[in-house]
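These are my notebook entries on what I looked up in this structure, set down in the order in which I went through it.

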There are 2 protein chains.
Amino acid sequence: MISVEEALQTILNSVQNFGVEEVPFIKSVGRTLKEDIKADRDFPPFNRVSMDGISIDYLNFKNGQRSFVIEGIQAAGSEQKTLQNSENCIEVMTGAVLPSNTSAVIRYEDVTIENEIATITINEIKENQNIHHRGKDGKTGDLLIKQNTIISAAEIGVLATVGKAIVKVAKQPKVMIVSTGDELVGVDETPLTHQIRRSNVFTLVSLLEKLNISSETAHLTDDKPILKEKIKEYLQDFDVLLFSGAVSKGKYDFLPEVFDELGVEKLFHKVGQRPGKPFFYGKTERSNVFGFPGNPISTFVNCLAYFYPWYYKSVGIEQQEENAILADDVSFKPSLTYFLQVKLSYRYGHLIATPISGNGSGDLASLVSTDAFIKLPTQQSEFKKGEVFPIIRYR
Amino acid sequence: MISVEEALQTILNSVQNFGVEEVPFIKSVGRTLKEDIKADRDFPPFNRVSMDGISIDYLNFKNGQRSFVIEGIQAAGSEQKTLQNSENCIEVMTGAVLPSNTSAVIRYEDVTIENEIATITINEIKENQNIHHRGKDGKTGDLLIKQNTIISAAEIGVLATVGKAIVKVAKQPKVMIVSTGDELVGVDETPLTHQIRRSNVFTLVSLLEKLNISSETAHLTDDKPILKEKIKEYLQDFDVLLFSGAVSKGKYDFLPEVFDELGVEKLFHKVGQRPGKPFFYGKTERSNVFGFPGNPISTFVNCLAYFYPWYYKSVGIEQQEENAILADDVSFKPSLTYFLQVKLSYRYGHLIATPISGNGSGDLASLVSTDAFIKLPTQQSEFKKGEVFPIIRYR
């Protein structure tokens, strides 16, 4: 049995490069950018009017002039105009190019207009006021978004601005999610007394959707020849196989044997943690095999604690560790890392984790009332209120 | 000009009920549950074996017996067996029904098996050990998920378990996003010197996708009759209209007039905040009209600060306010609420907000290097390192 830290390190050592693809920028949210995005022009690309009002030659104001004949209008989206007579003014709109021969914009609030003459009603204005100068926010060629950024709404705006209609992103892994267990029936079926409905595959599908990974699913009966035949195919066709169940010590827990016979290199089987201990991880040339224990909470926590970091590192994303303050004392004697379900709350800038003890690894319903796992280390058995530990959020 | 608090309250007072629809549960992630989900049977539905091993009649162990003839196997998914001879045992698999006449499960690790006889190698076992009793996690009819919960992977697992193949969720609003401004060209076009590319509509589309709302988009030229004709249609067809631009004081900022002429009731126009001040909000019988200022950061912050809470309240979700600790002193003199961009980090369970000052409301690129807005109140002008304020995350 290896530690959680060793297990994670082993998994992070075998990340995979899925390659790069081009997608329309508007479809790229949640994907990982695989090119640097640079400014295609200065920002703003011209001296940009930033208030609706009039633009004047500042020198005339400085020399005492307050009333200016309106020579014309500079609308946003029109070619730059030129102030013909420096004692006149031009009405200007936010977003417009600043007319040439002008050097200050006075907003409508500080002007009265009568008979095509604008009179400034304040006594102090500054040269260049309300002008957003060309290149102030950035110069042509400036790096705007670094590659290996997860694309969100903010990046979408920048991609649009620089005209990146098509963008390079990391390809997503091809994932097959397999459940086993003859006690399982479909969601729309009525189980017999000794049966239950399949749920883990759907939980995994949803957890992967959160990463924008679409996956395929299958259910296999606990029959070794069938398992072997199917898994052989999956190993050829998919980058990742996620299993739920059949990795423990039961008579019908055929997966470890089947993996071995199909040439899957076992990197570990069993991790010093609760829940989720009988976790299998192995690989072939093509494929990564995550064999999660069949209990709902075990599958859930292991997907978050191992598959997520593996995926993020594979596509090039660095994750920031989040941690929280324990709200109650917790005692946990076994020499295992304890993934304890917590409810999160914010008080005065502190992230508080209140433990909600479920009924063990089978109690899927307890996930509904919690937000995260707090990761309590193996070395300790008493955890005090106020101590800080890493958390893994699922909400 | 009203305050941010008044503006938000006004908006929250005119939330809208979009109704309820049924969707396949696996498509329901991110949607708001509109029915209580109850246990359709006890959980577990039978006395469930929770370790692979053997099950025995505990009394015989108590009376000193250590070796038990294996009478059979109880696999997961098989009908319950009965231990025929109370001095024998049955091999049992995790997830199986506990055979009747047995009262303890001993895991394989604590047993040796030879010639169909299992011998227990430890001296202490407890009655009922490794048995997850029927109903321990919940009874038939227990409330598992309350309505008005946002459905995530955890809820998906519960929905599958109780056989909710089809689930009632809040309908999403029908949203039209409209940009205006004659300076704007398409993302795949090369702008002339005085033009820029459209970006705000795409940012808004992405921000709405985060709420699982799909939207339509349109671009209208700054021409009053056209605006009026089109907006009249939109007001009939959509629950929400989001505008970006044309709500300020410019000569071509026709929207407030057009809204008025089309019978949109103005609830406010201008909010005491920076950025995002010239924000218009109004409504008709059918439709809610959010007129965001055209600057990229203004549109972005107002969508998060106003449309998001309006949407959440409309579908029945209660949001938890998040707050963070300011990492640097900030000075902001105007009597306005200041939405300042910050980078978030976690230190010892504290959420730290480090201000990154952009170049003003036009600087979309600054959003790329930040995670949230911190909301600095109007009443204060000096904000000290260590003070705590609400934040609005966008990452």
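Before looking at how the chains meet, I fixed the criterion: two residues are in contact if their C-beta atoms, placed from the backbone, lie within 7 Å. I also note at the outset that this is a predicted model.

**Entry 1: the contact between the chains.** I looked up how many residues each chain brings to the contact, and found 82 residues from chain A and 82 residues from chain B. On the side of chain A that touches chain B, at least two residues each come from strand 11 (143-145), helix 3 (153-161), strand 15 (196-197), helix 4 (200-209), strand 22 (322-326) and strand 25 (350-355) of chain A. Helix 3 of chain A gives the largest share of that side, with 8 residues. Sorting the side of chain A that touches chain B by class, I noted 37 nonpolar, 27 polar and 18 charged residues.

**Entry 2: how the copies are related.** I superposed the chains next: a turn of 180° with a shift of 0.0 Å along the axis lays chain A on chain B with an RMSD of 0.1 Å. The two copies are therefore related as by a two-fold rotation axis. In chain A, the C-alpha nearest this axis belongs to His350(A), at 2.3 Å from it. I also checked the contact residues of chain A, and 100% of them recur in chain B, the same surface serving both copies.

**Entry 3: domains.** For chain A, I took down the domain assignment as domain 1 (4-18 + 172-315), domain 2 (20-40 + 141-170), domain 3 (48-132) and domain 4 (322-393). The centres of domain 1 and domain 2 of chain A, taken over C-alpha atoms, are 32 Å apart.

**Entry 4: helix 4 of chain B.** Is this helix enclosed or open? Of the 10 residues of helix 4 (residues 200-209) of chain B, 9 are buried, so the helix is largely enclosed by the rest of the structure. The cover over its buried residues includes helix 3 of chain A, together with strand 13, strand 16, strand 17 and helix 7 (296-315) of chain B.

**Entry 5: helix 5 of chain B.** Helix 5 (residues 224-237) of chain B has 14 residues and reaches 20 Å from its first C-alpha to its last, close to the 20 Å expected at 1.5 Å a residue. I listed its buried residues as Leu227(B), Ile231(B), Tyr234(B) and Leu235(B). They lie on the same side of helix 5 of chain B because they cover an arc of only 100° around the axis. The face turned away from that buried side carries the exposed residues Pro225(B), Glu233(B) and Gln236(B). Covering the buried residues of helix 5 of chain B are elements including strand 13 (175-180), strand 16 (215-220), strand 17 (240-244) and helix 6 (255-261) of chain B.

**Entry 6: helix 1 of chain B.** In helix 1 (residues 4-12) of chain B, I found Val4(B), Ala7(B) and Ile11(B) to be buried. Their arc, seen down the axis of helix 1 of chain B, is within 65°, so these residues line one face of the helix. They pack against strand 18 (265-269), strand 19 (273-274), strand 20 (280-283), helix 7 and strand 24 (337-347) of chain B.

**Entry 7: a loop residue.** I placed Thr102(B) in the loop between strand 6 (89-92) and strand 7 (104-107) of chain B. Thr102(B) counts as buried because it has 24 C-beta neighbours inside 10 Å.

How values were computed:
Residues numbered from 1 in each chain as written. Chains lettered and ligands numbered in written order. Predicted model: local features only at pLDDT ≥ 70, side-chain atom pairs only at ≥ 80, totals over all residues. Domains from an automatic or database assignment. Helix = DSSP H or I, 4+ residues; strand = E, 2+ residues; numbered from the N terminus. Nonpolar A, V, L, I, M, F, W, Y, C, P; charged D, E, K, R; others polar. Expected span 1.5 Å × (residues − 1). Buried ≥ 20, exposed ≤ 12 C-beta atoms within 10 Å, placed from the backbone. Arc of directions from axis to C-beta. Least-squares fit on C-alpha atoms with pLDDT ≥ 70 in both.
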